[in-house]
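Dear colleague,

Please find below the structure I promised to hand over, together with its sequence. My notes on what was found in it follow.

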Amino acid sequence: MEAPTSSLRFTPAGSLRGSIAVPGDKSISHRSLILGACAVGETRIAGLLEGEDVLATAAALRAMGADVERLGDGEWRVHGLGIGGLLQPEAAIDCGNSGTSARLLMGLVASHGITASFTGDASLSKRPMGRVIEPLSQMGASFTSSPGGTMPLMLEGAHPAVPIAYRLPVASAQVKSAVLLAGLNTPGITTMIEPVPTRDHSERMLRGFGAKLDVGEEDGVRVIRLTGQTDLQPQNIVVPGDPSSAAFFMVAATLVEGSDLTIRNVGMNPTRAGLVGVLRTMGADIEEIDAREVGGEPVADLRVRHAPLKGIEVDPALAPSMIDEFPVLFVAAALAEGTTVTRGLEELRVKESDRLATMAAALEAIGARVEEREDGLTVHGTGGEPLAGGGPVATHLDHRIAMSMAVAGLVSRDGVEVDDTAPIATSFPNFMALLDGATR
Ligand code: S3P
């Protein structure tokens, strides 16, 4: 790997061995800061992900009056303002590359009598915000967005807001969480109907903070009811390792011959752990060690040994439980024997980049055989033969594309040049250091 520009070439570097711990879960880190800011008193967080996305949420909460302080490595303290206690920010809330910061914070602001403008980078400014604008408008908030319902946008919160019953039209934990956060400062009961279950970190953590939340099933669908304006109690939170970050190492250790890598402390929440099952069905050797619970979330150490993979048809119903892991799954599929077919992945087109188009182009550029369809990719694997390599591949400000193509570089003949590795810092600041250490 060569510096100093943000373009880097990833080359085969030997097997992955030893033991690593990946940084804290991004979704849980955002939520721990936000709910800490809504509780009265001091919340302590250990293992917080100190990536740019989470730091954007911390800065936004500070700008709205919460006392958010870093005490040490991953150790943070939040002195909350209580439900409804946010103050008018003096400047625009800059969410950087982070869709989670943008959508969750819009939910939070929507039921406060304050006005805030939300900005972000070129990637975030293209992403659809209509999906949160719609339910939050029903609750009484008003928005002036850029054309097409995008950011920058101005949000005028409603106080008091109106409780709604809302059926999620897209499987999105961010939309669900935005409405629930708005519901915290809304009198009465806010109801979310979730036909396709998505990650449930918000529900788990809201309960942990003492919110009045009922989760049940009615006519076969999940229904979540939150009673607003109930005080939250400050908590001590331990953030488990991010399964979406562990995914790059799971795939790398599976693909690189001779690897035997243990990834410690990986979140195994069933709404997030879909990749482990899919890789196992393809033939991966992933052993769960010491399954336990940390801070209300299931966690395990994962021992991953090299194994040859076979192509499969991935069940579209699994998509929400591995929605961020498809880019690296496509890399695994490119090295498998036979064909892997994925479907039902329209949502990938509105992530940090259009992940179907971006991965299809990047994999083709390094010699993989890929067909792009509207709702997924079909990948014809090499049966373990290295990919040719090449590049530079275009990552379009998408951290997960950059890391996926870094993994592809490890199993290529000539290496893979990634055009821009800077976005990796949004979710996994020590990715390169861990990769160097594991392959040494
Ligand atoms: C997230 C939800 C998912 C995911 C994102 C984080 C969250 O987005 O892709 O990385 O923390 O709620 P959607 O809600 O848009 O599916």
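**The ligand and its surroundings**

In this predicted model, the side chain of S27 places an N or O atom 2.7 Å from an oxygen atom of the ligand. Taken alone, the ligand would expose 390 Å², and the protein buries 95% of that area. Two further polar contacts deserve mention. A polar side-chain atom of K351 is 2.7 Å from a ligand oxygen atom, while for Q174 a polar backbone atom lies 2.8 Å from an oxygen atom of the ligand.

The full set of residues around the ligand comprises S27, R31, T100, R103, A171, S172, A173, Q174, R199, I323, D324 and K351. Sorted by class, this shell contains 5 charged, 4 polar and 3 nonpolar residues. Three helices each supply at least two of the shell residues: α1 (26-38), α3 (99-110) and α5 (173-184).

As to the pockets of the model, the largest one is the space taken by the ligand. Where does the ligand lie with respect to domain 1 and domain 2? Domain 1 consists of 8-24 + 240-438, and domain 2 spans 26-228. Because both domains give residues to the shell around the ligand, the ligand lies between them.

**Backbone features**

Apart from the ligand site, I would draw your attention to three places in the backbone. Two of them concern proline residues.

- The peptide bond that joins M151 to P152 is cis, its omega being near 0 degrees. P152 belongs to strand β9, which covers residues 150-156.
- The peptide bond leading from G391 to P392 is likewise cis, with omega near 5 degrees. P392 is part of strand β21, residues 390-393.
- D290 has a positive phi, about 55 degrees, although D290 is not a glycine. This residue is located in strand β16, which runs over residues 285-294.

**In brief**

When you open the model, I suggest beginning with the ligand, which lies between domain 1 and domain 2 and has 95% of its exposed area buried by the protein. The side chains of S27 and K351 and the backbone of Q174 would be suitable places to start. The cis peptide bonds before P152 and P392, and the positive phi of D290, may then be viewed in their strands.

With kind regards

Methods: Residues numbered from 1 in each chain as written. Predicted model: local features only at pLDDT ≥ 70, side-chain atom pairs only at ≥ 80, totals over all residues. Heavy atoms only, no water. Near = heavy atom within 4 Å. Polar contact = N/O pair within 3.5 Å; in protein donor to acceptor, adjacent residues only side chain to side chain. Areas by Shrake-Rupley, 256 points an atom, 1.4 Å probe, with all protein chains shown as cover. 1 Å grid on protein atoms, 1.4 Å probe; cavity = no way out; pocket = protein on both sides within 12 Å on 5 of 7 lines; lining within 4 Å. Sits in = over half its atoms within 2 Å of the grid points. Helix = DSSP H or I, 4+ residues; strand = E, 2+ residues; numbered from the N terminus. Nonpolar A, V, L, I, M, F, W, Y, C, P; charged D, E, K, R; others polar. Domains from an automatic or database assignment.
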